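Trainee: Please take me through one part of this model in close detail. Then carry on from there to the other features worth a look.

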Amino acid sequence: MAAETSPLDDAGVALAPASFASVIVDIPARALSEPFAYAIPSSLADDMAVGCTVLVAFGHRPALGYVVALADTLAALPGTESLEASRVRPIDAVLAPPSCSDLFGPISFWMSREYVAPLAECVRLFLPPGGTPRLLKGEDGSYRLERAATPEVHERVVSLTPAAADFEPSARATRQRQLIEALSYGPVTTRELNLLYTDMSAAVRALERKGVVRVDERRAWRGCDEDTTLSSARASAPRQLTAGQRAALDAIGRALDDNAGDVILVDGVTGSGKTEVYLAAIERVLAQGKSACVLVPEISLTAQTVGRFRSRFGASVAVFHSRLSAGERLDQWDMVRSGAARVVVGARSALFCPLSNLGLIVIDEEHEQSYKQGSSPRYHAREVAAQMTRVGGFPLVLGTATPSAESLSRCRAGEYLGQRWSRVEMPERPGHATLPTIIVADLRREFSSGARSIFSRPLHDALMEVVERREKAVLLHNRRGFAPFLMCRECGCVPTCKHCSTALTYHERTHTLECHTCGAVYHVRPYPAPGSACPKCGSRYLAKMGMGTQQIEDALLAMLPDDVAVIRMDADSTRGKDAHKRLLEEFDAADCAVLLGTQMIAKGLDFPEVTLVGVVLADYALKMPDFRAQERAYDLLEQVAGRAGRGKDPGRVIIQTYLPDDPVIRAVAAHDRSIFTEHDAVQRLDACYPPYVRLTNVLVRGARADRVQAYIGALARRVGEGLDASCAALPESERPQILGPTACVIERAKDRFRHHFIIKTPLGFDVSSIVSRALSDIGSQQGISVSVDVDAYDLM
């Protein structure tokens, strides 16, 4: 494509451009899925480079753009075969130098096509933090790029000059002597000097006047002082690797040498030392002058993981996660862009940092659903990372104790979409650590014997033994709040959100009903508190049903001695900045403690003192209306079980359940994954679910249910026509299927009705282009929004 009309000189003659550029225009619309060709005037030729932010004319308005390709001739740019150079518009100005990853162009195009997302939205993932970039018009009519509101910070560094060798302070100049002694080991910041010796500014000024010291100003990096007292945030190299660790490193080494973009799945039991494999592989990459990116699934793991990596690689490690302040995010980004940081550790957004010469991507706990983006573009970090390694020719390392069904399937096949996939097992823990003993507490028997406590007899006794031995325990309950819902015992009413079709969760601490879909909060007093009333019939008997983490916390505080720390870790207790780190440090420092939490405590955490893990009720996860429910339940139980017995003392895991014969429970109890995976594979194959097919969820939202139903019906018919036309030659058993349209499980959310249909297609089938064409044919409607989720995880 091209924007037409060439620049003219003073005589009205068209000027010859110096060269041409492909520019992605920053307008988030699905119709703008390709770059536009623009001419580069001679005056801008020296400043132009791939990745530049430029000012262009688009239609009748100015727009931001990003240069993705340069060429001396128009014909050398892709998609310009029928264009005339004389009618291509010029770039008006260069607004900012390159600030993106080298891969931003090809990966943005791929993501836009693959996930049916506006190209501009995909490009924005690669841009510096600080909000959506905007054009600002000056009084003189010129345009400039709005800069991030957060200013840069600088620090002053004090160092000795050559004159210091011959300088001798007077006998009474104690502070000057202290300063010279401190600087004799190397330059020190004024902040560090003041922390060591209180105010040293007078001594610094005096010696600076005498030419003994020099004070320089340099850029400071916020977000680098995340010190932690966690004992697990250290990573000294072991004297000897296990056989599994050596095999994993050998496989990664071969992939690094081949430069073919291979994927290595490190399938290691919990506590087998996968982090050490990552560290050793990154050491090799850094020695080659390259950089590395490491993704972790939970913010709760960040302090521990960053501490381990900084203990090995020092200040060259940058960190990215959602709890950083705007200034910290900007500085960490600039650290990476400047080359001061060559290793990035963070959540899925860290994948888009401007690492130069990227040589390795590591995704820890690769099975985690948090790697799937919930808003447009709805990418999966594993798939984007795999595409990056295809383009860049470097390895992708996936690590987990519970591999996803997709990764296991690809490793069995040996390749996926032309990319080699291989699996390396790490079946043992280092040293004398062993896998924990698993005990299944059958709650049916507990109930029939008259027990009504939250804790079964085995779990109660085990907790008291932990207290007696002054050890630590972890309890998992994947429901926050005090009770999942309130219910009137006279009319059966369950209070639901006014804006969503979901039951409200009761929070005891604040006496509120909260919607975990939209965040709405309603104040209420349940029975037997005065003022308790059913919103439907007015009855006082609005009772708490089920249990959440707050209720279990109260039960633990009542049961355990006062000197046992009970630490609750869920979405409510970790809302503040650094809350995850603070709670984990509190647990780490305690003499005897119980860490109670939701799934955020189930993975990655390494506390050798933990000898007991309890699962309060395993059945919540097993019976969700989702074909992945059992896989998630297995992952959660296996991961949390791995928190026990990581030190010299053996561990025990007690799983409370009403379903002891479920394949998930039996597999975890026997430490035998095949019990679950074989059962799960048969079910998925019979029902045609991933990893045997691709699943695409198309969701339509709107304020009026009738308009939503009419639009999604027309869209589904158009998609069906496109599928029929492209698959006419396929046998009936291999043709794509459309399920729906129908209302979503949560039919109404945030005052908008939700309907969807699901497309099942063979592996490798290009469903994205068919959906994209159907959307283009149908067109948009005011008040109707469409979400396309390719390789969907959330079908609710």
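Mentor: Start at the hairpin that S31 and S32 form, with two residues between the strands. This is a predicted model, so read every value below as computed from a prediction. In the turn, Lys 750 has a positive phi of about 55 degrees. Strand S31 covers residues 737-749, and strand S32 covers residues 752-761. The two run antiparallel and are joined by seven bridges. One facing pair puts Ile 738 opposite Ile 759 in S32. As background, strands of a sheet pair through backbone hydrogen bonds, either parallel or antiparallel.

The hairpin also carries a salt bridge. Asp 751 pairs with Arg 748, and their closest N and O atoms are 3.1 Å apart. How accessible are these two partners? Asp 751 is partly exposed, because its relative accessibility of 36% lies between the 20% and 50% cut-offs. Arg 748 is partly exposed too, at 24%.

That contact belongs to a wider set. The whole structure holds 49 salt bridges. One of them joins Arg 423 to Asp 267, with closest N and O atoms 2.9 Å apart. This pair links distant parts of the chain. Arg 423 sits in strand S18, Asp 267 in strand S11 (residues 263-268), and 156 residues separate them. Their surroundings contrast. Arg 423 is partly exposed, with a relative accessible area of 38%. Asp 267 is buried, at 4% relative accessibility.

Now look at the sheet around that pair. Eight strands make up an open sheet with mixed pairing. Their order is S13-S14-S12-S15-S16-S11-S18-S17. Which strands stand at the edges? Strand S13 (317-320) and strand S17 (415-416) do. Each has a single partner strand, so one side of each is left without a neighbour in the sheet. At the S17 edge, S17 pairs with strand S18 (residues 419-426) in the antiparallel sense over two bridges. Here Glu 415 stands opposite Arg 420 in S18.

Another salt bridge brings together the side chains of Asp 554 and Arg 509, at 3.0 Å from N to O. This pair also links distant parts of the chain, 45 residues apart. Asp 554 lies in helix H14 (residues 549-559). Arg 509 lies in the loop between strand S22 (505-507) and strand S23 (512-514). Asp 554 is partly exposed, at 32% relative accessibility. Arg 509 is partly exposed as well, with a relative accessible area of 38%. Both residues belong to one network of salt bridges that share partners. The network joins Arg 509, Glu 553, Asp 554, Arg 568 and Asp 570.

Charge also gathers at the surface. Arg 156, Arg 205, Arg 209 and Lys 210 form a positive surface patch. Within this patch, Arg 209 has its place in helix H5 (residues 201-209). Arg 209 counts as exposed because its relative accessible area of 66% is over the 50% cut-off.

For a buried residue, turn to Leu 256. Leu 256 lies in helix H6 (residues 243-258). At 9% relative accessibility, Leu 256 is buried. From there to Asp 461 is 205 residues along the chain. The C-alpha atoms of Leu 256 and Asp 461 are separated by 51 Å.

Conventions: Residues are numbered from 1 along each chain as its sequence is written. This is a predicted model: local features need pLDDT of at least 70, side-chain atom pairs count only at pLDDT 80 or more; totals for chains, interfaces and linings use all residues. Side-chain values use heavy atoms; hydrogens and water are left out. Patches are made of residues with over 30% relative accessible area and no salt bridge: like charges are joined within 9 Å, nonpolar side chains (Val, Leu, Ile, Met, Phe, Trp, Tyr) within 5 Å. Accessible areas come from the Shrake-Rupley method with a 1.4 Å probe; for residues, only the protein chains shown count as cover. A salt bridge is a side-chain nitrogen of Lys or Arg within 4 Å of a carboxyl oxygen of Asp or Glu. Lys and Arg count as positive and Asp and Glu as negative; His and the chain ends are not counted. The place of a charge is taken as NZ of Lys, CZ of Arg, CG of Asp or CD of Glu. Helices (H or I, at least four residues) and strands (E, at least two) are DSSP runs, numbered from the N terminus. Buried means under 20% relative accessible area, exposed over 50%, partly exposed in between (1.4 Å probe, protein chains only). Two strands pair if DSSP finds at least two bridges between them.
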